[in-house]
Amino acid sequence: MTAPSPGTADPVPPSGPRASVIVVIGGDGPAPARPAWLLIGPALTALLGVYLLAVTFGPAGTAMRMDMHLPASVIPWSFVAYLLPALLTVPVGYLLGRRWPTATALPAAILLIPGSLLTTLAPGSGSLLFARALTGIAAGLAWGVTAALVAQMRAQRAWAVPVVAGAAVLALGFGAVLGALMTRGLTWRTPFLLAVPLEVVAVLATAVSGIVLLTRRPSGPPAAPLV
């Protein structure tokens, strides 16, 4: 049996034959770079989540308690009922959003709508706490997906981080100010109702960007077949 002549045998890559299979499958390889426009829907959902958190600050929380004849302890609990589920679902949104950003962000955007409507129509403390928890889950998922997409933007991360962070600060301040103004002029329920049209926009933006991403042809060379 003669040894193969130089150049005729298949070369083994330096990192081993398994490395090429891993890159094709994507199981252990790096997360793909994401286009900036994919951030629009999840980021809008995340900002709405920040806004809905800030609405209950100040006079809005007091008006909420007086309108439903609730004890003073309910207002801190409504804040906890929102923030605790949000913080618990942020890691879930981040981990799932790295692989499936649209499939994770779209349910979050949809979930904001019933959460806001239920808060608007809440007759008592039980329904209010449930609505706030539902909205908090949606907000946490959106925050996680947004963080994952910003981390995957790579070259565009330098401007994406300050833009998203600055928009979150503005949403926090806008929610608190609008909540106070609406409470004095109309009712504490109005700011939650005003968020619903923007939540519908967030759902549409997330769905459209996901469809575009699925139908978009890859710009790079085709992956090598698995053999």
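The side chains of Ser116 and Glu199 are joined by a polar contact of 2.6 Å; such a contact is a pair of N or O atoms within 3.5 Å, where within protein one must be able to donate a hydrogen and the other to accept it, and residues adjacent in sequence count only if both atoms are side-chain atoms. This is a predicted model, in which local features need pLDDT of at least 70, side-chain atom pairs count only at pLDDT 80 or more, and totals for chains, interfaces and linings use all residues. Residues are numbered from 1 along each chain as its sequence is written, and side-chain values use heavy atoms, leaving out hydrogens and water.

Let us look at three residues side by side. Buried means under 20% relative accessible area, exposed over 50%, and partly exposed in between (1.4 Å probe, protein chains only). Helices are DSSP runs (H or I, at least four residues), numbered from the N terminus.

| Residue | Helix | Relative accessibility |
|---|---|---|
| Ser116 | helix 5 (residues 101-121) | 1%, buried |
| Thr146 | helix 6 (residues 125-151) | 5%, buried |
| Trp77 | helix 4 (residues 74-99) | 55%, exposed |

Who surrounds the buried pair? Neighbours within four places in sequence aside, Ser116 is in contact (heavy atoms within 4.5 Å) with Leu52, Thr135, Phe192, Val196 and Glu199. With the same kind of neighbours left out, Thr146 is in contact with Leu39, Pro42, Ala43, Ala46 and Val164. Thr146 and Pro101 are 45 residues apart along the chain, and 8.5 Å separates their C-alpha atoms.

Terms used: Helix = DSSP H or I, 4+ residues; strand = E, 2+ residues; numbered from the N terminus.
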